[in-house]
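Subject: Structure handover

Hi,

Here is the structure I promised to pass on to you. Have a look at it first, and then read on for my notes on what turned up.

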Amino acid sequence: MKKTLILWLLLAGLAVISLPAALIVVNIGKDRIVISEEVLSGDPAAAEGIVLRIPAHWGRRLLWDTEYTIGEGSTESSFAFSSRQVSWQGQKEKVEAGLSLQINYDITETYTAGSARFDWESLSREIIDGVAERTGNGEKHTEVVRLGDYSPCYPLAFMIEGNSVSYEGDYVEACGYLRDFFQIRTAEDSVEVTVEKDAWGERLNVAFRHLDSEEDVVLRNAAADGGAGIYFVYCLQNEKTKEWADRGCNRGIFYFPYREENGFWRVDLTEVRRLQDFPEDMIPVEMLAGEGGDVLYLVIEEKDGYSLLVYRLEGEIPVLARRIPVKTGHEPFCRMSEEEGGILLTWTDNSFSFVAEEAGEYRQWCRGVFPETMGQDGYGGNPFPEEQACLFDGERLALAAYGDWHSLDVLLAVYDEQGQTYSGRYVHDGNDDGDGRYDRNSMILPQGVRAGQWGNGQPQGGRNGKAVEPLEIFGRSER
């Protein structure tokens, strides 16, 4: 394969002497890429007609687009050369939004007389100032302070990431509005504060740390971009028991409207609206707005596992239409994606659930475990839970993923409603680099992966490492 690469590089280099910025497409010798099938389990006939599309690059200059049709064993490739390195732009980053408690635990600071005040969050600073007033010159003084003695509710901030955002008005005042709107109580939460002053009464050393208790809580958020606003849901979770916790706060599904202007979302946080109740004992995990704009999906964690809630949108108002149990146990959830014909959910243990949709009705079609990948042995990381290709035709579900983040080998599994019917590995001869296999600069890689990335690196692009040209699978008729 390397000799072929060098030949193509020479030919392409000669071809672009007069076109320094051109992308030259060459199809001579396009059949030189070889894909070999290794059956792992089941009957390959179950995958017949599925086409694997594998985009690859070498040094971001040599670019291949290869399609392999299962059952025919045929490979078709197009080849392009760029005189400049291609810059992967990545797919649009998923919008993330959520509340955060604005109190800075675990402060350990030292400063000298005349230095500027530290920019601590207001509640932390107020508590430290109070303890300092009760500390004598030349003394070291420690107190346990109940947060509720200073504020009945936590100060809050709401941040949106994944798009350019402009918060309207005074952001600090808006966050004060959110504190009163959501009313997340400080309850019996406490901190230990130590202040040490020198002989002249100047504060020199400060330590501020949270005291653990059985009632400690964390915020669990989920949000989705609805096209004109952010849908948002949250709850409190006991940090030790991992169960839903109640502090009497304003609970529900909320909506932060925005208006788009010159690529910026203009958001007034004081316009937040509560749209709907959110049931107790459910932990929100991930939310997704359907592409059609009429449905909202929410993954929740319960005592026995996970469920998918399907909400119909009546205007902006979500109305619960279906609750579908999708997994037992509590392996960390990884990803939810809207696919042709349904919703795919994946977990970090390589398990998945597929919820089929037909004429607006939803049902769990199958669940299973994707075959082990090379990345699970610790080399390069495991792509499947985060990055996979999906094909559903009503009779079979096909899932595919690279062997690891730096491999062109593809693992494919096919399922019917009863379970897995076939799995196989499709070995790309671009991986056969001889002695250069572990030379990161000489490897042929999936498009979107930098040659310089190694170890547990992932494809360059969005938050989840999405490549600009991802692995794809489709039916032969869709070619």
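Let me start with a salt bridge: the side chains of D65 and R53 meet with an N to O distance of 2.8 Å. D65 belongs to strand β4 (residues 62-69) and R53 to strand β3 (residues 50-58), so this pair ties together parts that are twelve residues apart in sequence. R53 counts as buried, at 11% relative accessibility, while D65 is partly exposed at 23%. Before going further, please keep in mind that this is a predicted model.

How many salt bridges are there by the rule used here? The count comes to 20, and a few others deserve a look.

One of them joins the side chains of D216 and K240, at 3.9 Å from N to O. D216 sits in the loop between β12 (203-210) and β13 (217-225), and K240 in the loop between β14 (229-238) and β15 (244-245), so the contact ties together parts that are 24 residues apart in sequence. Is D216 buried or exposed? D216 is buried, with a relative accessible area of 3%, whereas K240 is partly exposed at 41%. With a salt-bridge cut-off of 4 Å, the 3.9 Å of this pair is worth bearing in mind when you look at the model.

Another pair is R179 and D180, whose side chains meet at 3.2 Å, N to O. Here R179 is partly exposed at 31% relative accessibility, and D180 is partly exposed as well, at 47%. There is also a network of salt bridges, which links E168, R259, E261 and R266.

Close to D216 in the numbering, I also looked at V217, which lies in strand β13. V217 is buried, with a relative accessible area of 14%. Which residues does V217 touch, leaving aside its neighbours within four places in sequence? The contacts are L236, Q237, N238, E239, A245 and R247. Of these, R247 is 30 residues away from V217 in sequence, and the two C-alpha atoms are 9.6 Å apart in space.

Now for the strands. Strand β30 (residues 419-428) has seven buried residues out of ten, so the rest of the structure largely encloses it. Strand β30 pairs with β2 (residues 35-42) in the antiparallel sense, through seven bridges. Strand β29 (residues 410-416) is also antiparallel to β30, again over seven bridges, and a hairpin of two residues connects β29 to β30. S423 is a handy residue to select in β30: S423 is the bridge partner of S41 and also the bridge partner of A413.

Further back in the chain there is an open sheet of four strands, in the order β23-β24-β25-β26, with antiparallel pairing. At its edges stand β23 (333-339) and β26 (361-369); each has a single partner strand, so one side of each is left without a neighbour in the sheet. From one strand to the next, the twist averages 15°. Within this sheet, eight bridges join β25 (residues 351-358) to β26, and the two run antiparallel. E358 has E361 as its bridge partner in β26.

One helix is worth picking out as well. Helix α2 (residues 122-133) has twelve residues and spans 17 Å from its first C-alpha to its last, close to the 16 Å expected at 1.5 Å a residue. Its buried residues are L123, S124, I127, I128, G130, V131 and A132. Residues three or four places apart in an α-helix point the same way, because there are 3.6 residues a turn. The buried residues of α2 pack against four strands, namely β7 (107-110), β8 (140-146), β11 (190-197) and β12.

Finally, some totals for the whole chain. Its secondary structure comes to three helices and 32 strands. Of the 479 residues, 49% are buried. The accessible surface is about 22400 Å², and carbon and sulfur atoms account for 45% of that. Among contacts between residues at least 6 apart in sequence, 59% join residues at least 24 apart.

Happy to talk any of this through once you have had a look.

Best wishes

Conventions:
Residues numbered from 1 in each chain as written. Predicted model: local features only at pLDDT ≥ 70, side-chain atom pairs only at ≥ 80, totals over all residues. Heavy atoms only, no water. Buried < 20%, exposed > 50% of the residue type's maximum accessible area, 1.4 Å probe, protein only. Pairing = 2+ DSSP bridges. Axes fitted to C-alpha atoms, helices over the stretch in contact; angles between N-to-C directions. Expected span 1.5 Å × (residues − 1). Contact = heavy atoms within 4.5 Å. Areas by Shrake-Rupley, 256 points an atom, 1.4 Å probe, with all protein chains shown as cover.
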